[in-house]
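Visitor: I'd like to learn how to read strands, helices and cysteines off a model. Could you walk me through one?

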Amino acid sequence: MNALAAKFHARDHFAPRGTYRLLPARFTRLDDTRYVVTNDVGEHVVLTRPELRAYVARELSPDSSVYAALKARHFLFDDDTRVALDLLALKLRSRMDRVASFTALHMFVVTLRCDHTCAYCQVSRKTEDRTNFDMRPDHADRAVEFMFRSPSPALKVEFQGGEPLLAFDRIRQIVLAAEAMNRTHARDLQFVIASNLTHLDDEILAFCKQHNVAFSTSLDGPQDLHDARRALPGASSHRAAIAGITRVREALGPDAVAALMTTTPDSLGRVVDIIDEYVRHGFNSIFLRSLSPYGFAVKTSLLRRYDVDDWLRFYAAGLDYILELNRRGYPMREEYAGILLHKIFAPGGTGYVDLQSPAGAGIAGIIYNYDGAIYASDEGRMLAEMGDTTFRLGHLETDSFDAVMTGDAFVDMLDHTMLEAVPMCSDCAFLPYCGADPVFHRATQGDLVGHKVHSAFCRKQMAVLRLLLTRLEDDPEAAEILRSWI
Amino acid sequence: MLLKLHGRHLRALSAATSRDPFLARVCKNPDLPAAARSRELLLHDGAGPLVDAFRGHLVRTPCDPGDRADVYLIGPEFDYVGAGDVVRVDPARGSLSVLYRRASAYNSMLVTERCDNYCVMCSQPPKDRDDAWLVDELFAVIPLMARDTPEIGITGGEPGLLGPRLVELVDRFRLFLPHTALHVLSNGRAFADEAFARDLAAVRHPDLMLGIPLYSDLPEHHDYVVQARGAYDQTVRGILHLKRHCVRVELRYVIHRDTIAGLPAFARFVARNLLFVDHVALMGLELMGFARANLDALWVDPLDYQAELASAAATLDRARIPVSIYNHQLCVLPPALHRFARASISDWKNRYFEDCEDCRVKHACGGFFASSELRRSRGIAPLRGDSAPLASTTGGP
């Protein structure tokens, strides 16, 4: 190698002198030989046990690649430079900034009525013709005003049910009221209807086109699988969903409808069929979701027919198949992995409600029930239907925004869901990629925190993160595909 | 096109009003009202009459000046000089310098040759001497520039060493040329003093960008490249301070043997820590100054760093940071990188080789630095018809 002209100093003239100091970090086993090391801002490195030991014992050599990786990601700093501290502070502030601009997602349960009788429904559905399960117009107006009190620069209105299209008048009222208020508030305002699409008509589509309203629907897989759980008396729910998806795409464009799947015991061996069904219908993403332990799923014991390990096997096989589709030239992403990868690689993390610290319930997303009650989350209102009102934050008729947002129900929840202070979470390397699920732990263990050893949520998170980090480390081709999902 | 901006062969055809150097704007309109002529030099392409009241005359062919003072004969190297250009005439030295070219999309203004970095590949090696006259002269040139000038570059040396004078300079551009984009090449170190960054921001220039070189995710590597211990911390702090006060910042990464291996890690670092920068330019080496002195030590064929370049561009692009590749010919870049390539070489030092005449993408290609004859990539070849560029089939040895 040729040297620089004599008047220049060689590289070693600028090498770090003396020892280094550790910056805050957490480590957790990745597998039998390696550890994941993370810091509060979500940077990570994977180290072997001897490397980890040398790092902590401050025995790493400044010219080793491990030293460079740890220093560049702000796991250590040495005598010659202090700018790492400035950058760490900046990254931490950016990552935490989301908490100050709370609540972005506002869910409106415009009716509890539904034409489906799905076995796993989280919502205690009512039959179609009972109009006293619709949201009252005055409550809808109050909810819109309540929403605009949130400091969040982006507001997403999600209409839920029941089947929200059965109460389309209420949807129309809320969209128009929100747009009117937004003329002075100027937020980034979006609307989405979570619907089974059986009640679409031209009038609804014309309104949605005019007001930029998108749809999200359920597609559990091939027809037999979908119809087995999503019962539509006298018809095929699958056929209705596919027809609806096609119709929305034609009317509003290909990006105006997203589909979600829920894993049932029948799904477990059929992840390839399910993904193929999404590919067949032109989707480039799928969210491989597990069941929540609420609502009809608990009542009908569906949940107990598979446990988290069954789901993890299902998920791992699905992820491998999706990577294979990408290798073969069909761009497909798995949304849950996408969210976690975003948390791993993007400095700001994500706004995904279910993976926040403090918990996203209330502070990232809030739900206005058909009866005017305000809940911290969709699952929180389900728990209330089962008699546990822990997550009921107030009522639109009686409680102001200030009262709800400073009320005990809300503040206690925040207080208990700061992972940085939760036993076992506080020293877990996956903390920056994880979140608190107070509703799950309340439902399964009786308190908002739960013992993580017995937590299926924790088990699922650890396993999916280990799966992703292992792929990123060991399979460069998969890593390239996974990074493209960020 | 390769232009000579400075010439020593100005031939005086008549006496000078004064022996002192003077600034003037070139004019080709002999009908300009007499009252408007005092700062203009009338340029005669043919044999027009020498009319009164102009600051002087530039002629391309010898003529009889009669009793008129300040008539100068310019050589063919100044063929490109046109109306609206600003020049310095030094009668004592017999020299003409073109300071501003009206027809150019990008004029670069040297404001000092002093610098506190000593980069191993510096194309304009610093000189440690008092050259405050440079910026003083620029203050006088600014009012002569056309109001519709699209963009002006401020370069050095290190403009940050001008301190408050730089703030005044930016303010003067804002006042005289409010519609002109201003691009300042700085190592950013002076802005480690947050008050300086705040003062610059307080000018509220409508279209200001600071181009700041950053060469690594690790202080020791950056400090080596710029040959100054502690520079990295100051530069990064400077970037943070500028952005905190809403001054736009572009990062510039010059690729050579000592920076290429670290390019992917640099991109990762930027996407993680400096996501808010406005642009990242990944730049080929200009073989001038120290780069020429260290040529054997620094040269690396672009064909041999395509993987690093592609990785860095992908990382930055995925992070939604605008990224450009400068100073690379299209034939040495894989097609996937062509969308990042910009024709970035200033027109006055830009050229093409003979082979390029047959190339179907020459119109979109930035071509070469004039200094490129010293060393060129083995990938240089015209892209003809539908032939794939060499770069797409060879990933390096």
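Guide: Sure. Let's start with what pairing means: two strands pair if DSSP finds at least two bridges between them. Keep in mind that this is a predicted model. Here, strand E2 (residues 26-29) of chain A pairs with E3(A) in the antiparallel sense, over 4 bridges. Within that pair, Thr28(A) sits opposite Val36(A) of E3(A).

Visitor: What joins E2(A) to E3(A)?

Guide: A hairpin, running through 4 residues.

Visitor: And which strand pairs with E3(A) over 5 bridges?

Guide: That's strand E4 (residues 44-48) of chain A, again in the antiparallel sense. For a register check, look at Val37(A), which faces Val45(A) in E4(A). E3(A) and E4(A) make a hairpin too, with 5 residues between them. In that turn, Gly42(A) has a positive phi of about 90 degrees.

Visitor: How should I read the two faces of a strand?

Guide: The general idea is that in a regular strand the side chains alternate between the two faces of the sheet. Now apply that to E3(A): Arg34(A), Val36(A) and Thr38(A) are on one side, while Tyr35(A) and Val37(A) are on the other.

Visitor: Are those faces of E3(A) covered or open?

Guide: Both are covered, and the residues on each side are all buried. Put as a count, 5 of the 5 residues in E3(A), which spans 34-38, are buried.

Visitor: Let's move to helices. What's the rule of thumb there?

Guide: An α-helix has 3.6 residues a turn, so residues three or four places apart point the same way. Take helix H16 (residues 438-445) of chain A: Pro438(A), Val439(A), Phe440(A) and His441(A) are buried.

Visitor: What covers the buried residues of H16(A)?

Guide: The cover includes helix H13 (378-385), helix H15 (408-416) and helix H17 (456-474), also of chain A. After H16(A) comes Gly446(A), with a positive phi near 90 degrees.

Visitor: Last topic, cysteines. How many disulfides are there over all chains?

Guide: The count is 0. The test is whether two cysteine sulfur atoms lie within 2.5 Å.

Visitor: Why is Cys425(A) not in a bond?

Guide: Because its closest cysteine sulfur, in Cys434(A), is 6.4 Å away, too far for a bond. Cys425(A) is also buried, at a relative accessible area of 14%.

Visitor: And where is the nearest cysteine sulfur to Cys356(B)?

Guide: In Cys359(B), 6.6 Å away, and Cys356(B) is in no disulfide. Cys356(B) is buried as well, with a relative accessible area of 11%.

How values were computed:
Residues numbered from 1 in each chain as written. Chains lettered and ligands numbered in written order. Predicted model: local features only at pLDDT ≥ 70, side-chain atom pairs only at ≥ 80, totals over all residues. Heavy atoms only, no water. Buried < 20%, exposed > 50% of the residue type's maximum accessible area, 1.4 Å probe, protein only. Helix = DSSP H or I, 4+ residues; strand = E, 2+ residues; numbered from the N terminus. Contact = heavy atoms within 4.5 Å.
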